[in-house]
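Please look over the sequence and the fold shown here. A short report follows, arranged by region.

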Amino acid sequence: MTTTVSLPEYTEEYKQQQRQQVLEAEVVYQWKCVLRTKDKPYMPFIMIGIFSILYGISYFLSPSVTFFYMWAITVVIFAPVSYFLFDADYDYKGQITPKGIIIHKTERVPEIFYKATRGMAYIGIVVCVIAALMVGPLAFVGAGAFALLSFKMTGFHKQTEIDIHPFHQNSSYQVLISRLDDMYQWDIYTFLCDVPDFIDTEFYDLHIMSFECKASDFPHIEKVLKQYIRFAD
């Protein structure tokens with residue numbers, strides 16, 4: 001026998017109410033882990049390769065030793081930037097309340113690095129302008145990407161992402177993913193479940209539940225979750 005879940009009207013007020021209930025509820029359990037992707041060590045080499053090609057094209061179109069110096073400056077700046085910022089590690093914290101789950105993801109980069117990056121970005125913009133004056137418009141064949149990235153980097157700040165997943169406590173959740181995630185360097189466990197009745201509705205995105213944790217923490221997290229929501233057999 002198929003049962004139909006009775007749903008309230010989905011409005012912005014409903015969404016905010018559900019999330020606010022989670023934020024105001026008591027935290028009954030929390031865990032922490034670090035997310036670091038396995039391909040992170042290769043990012044600086046990828047960045048160096050991209051800029052080598054761009055400056056190589058520039059040198060081919062307008063031979064000048066200026067491009068060598070610009071390439072060297074670009075590599076010195078963007079190799080560490082690509083390692084720390086373009087594929088940043090995250091301090092990950094999950095919190096379970098009787099009303100839902102709160103996930104905090106914070107870039108794991110020292111603030112001094114952001115300040116240095118913003119400073120180097122302004123230097124990079126000046127270098128690009130000087131190159132354009134010395135070499136001409138062709139300088140921007142290679143330096144254009146550097147200039148665009150420099151402008152983007154002037155606004156770099158540490159950011160914390162907060163995701164809120166309210167429980168729909170009148171429904172049964174169906175587990176979609178529950179396994180070790182080979183994307184990360186450590187033993188990170190990925191969990192994802194949804195409410196089958198909400199497929200193709202706005203309720204799906206609001207009440208879907210997903211998180212990462214250390215593999216050793218998952219059994220207890222699952223035990224706590226089962227105190228507040230039902231899982232389909």
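Which residue in β6 is the bridge partner of L180? The partner is Y189. This pairing belongs to a predicted model.

## Overall make-up

The chain has 233 residues, and 45% of them are buried. Seven helices and eight strands are present. Among contacts between residues at least 6 apart in sequence, 74% join residues at least 24 apart.

The accessible surface of the chain is about 13,100 Å². Carbon and sulfur atoms hold 59% of that surface.

## The open sheet

Four strands build an open sheet. Their order is β7-β6-β5-β8, with mixed pairing. β7 (209–214) and β8 (230–231) are at the edges. Each has a single partner strand, so one side of each lacks a neighbour in the sheet.

Inside that order, β5 and β6 run antiparallel and are joined by six bridges. The bridge between L180 and Y189 in β6 has already been named. Strands of a sheet pair through backbone hydrogen bonds, either parallel or antiparallel.

## The loop between β5 and β6

M183 sits in the loop between β5 (172–180) and β6 (188–194). Is M183 buried or partly exposed? M183 counts as partly exposed, because its relative accessibility is 45%.

This loop residue reaches a remote part of the sequence. M183 and T37 are 146 residues apart in sequence, yet their C-alpha atoms are 5.7 Å apart in space. Leaving aside residues up to four places away in sequence, M183 touches R36, T37 and K38.

## Strands β1, β2 and β3

Strand β2 (residues 90–97) is mostly covered, with six of its eight residues buried. It pairs with β1 (residues 29–35) in the antiparallel sense, over seven bridges. In this pairing, Y29 stands opposite I96 in β2.

β2 also pairs with β3 (residues 100–107), again in the antiparallel sense. Eight bridges join β2 and β3. The two strands form a hairpin with two residues between them. Across the hairpin, D91 stands opposite T106 in β3. In a regular strand the side chains alternate between the two faces of the sheet.

## Salt bridges

How many salt bridges does the structure hold? It holds four. One of them joins the side chains of R36 and D89, at 2.7 Å from N to O. This pair links distant parts of the chain, 53 residues apart. R36 is in the loop between β1 and α2, and D89 is in the loop between α3 (66–86) and β2. D89 is buried, because its relative accessible area is 6%, under the 20% cut-off. R36 is also among the residues that M183 touches.

Another salt bridge joins the side chains of D91 and R108, also 2.7 Å from N to O. D91 is in strand β2, while R108 is in the loop between β3 and α4 (111–135), so the pair ties together parts 17 residues apart in sequence. D91 is partly exposed at 35% relative accessibility. R108 is partly exposed too, at 40%.

E222 forms a salt bridge with K226. Their closest N and O atoms are 3.9 Å apart. E222 is partly exposed, with a relative accessible area of 28%. Side chains of opposite charge can pair when their charged atoms come close.

## Helix α7

Which residues of helix α7 (residues 218–225) are buried? F218, I221, V224 and L225 are buried. They lie on the same side of α7, because they cover an arc of only 120 degrees around the axis.

The face turned away from this buried side carries P219 and K223. Both of these residues are exposed.

## A nonpolar patch

I53, I57, F60 and L61 make a nonpolar patch on the surface. The patch covers about 450 Å².

L61 lies in helix α2, which spans residues 43–61. Its relative accessible area is 45%, so L61 is partly exposed.

Technical notes:
Residues numbered from 1 in each chain as written. Predicted model: local features only at pLDDT ≥ 70, side-chain atom pairs only at ≥ 80, totals over all residues. Heavy atoms only, no water. Patch = residues over 30% accessible without salt bridge, like charges linked within 9 Å, V, L, I, M, F, W, Y side chains within 5 Å. Areas by Shrake-Rupley, 256 points an atom, 1.4 Å probe, with all protein chains shown as cover. Buried < 20%, exposed > 50% of the residue type's maximum accessible area, 1.4 Å probe, protein only. Contact = heavy atoms within 4.5 Å. Pairing = 2+ DSSP bridges. Arc of directions from axis to C-beta.
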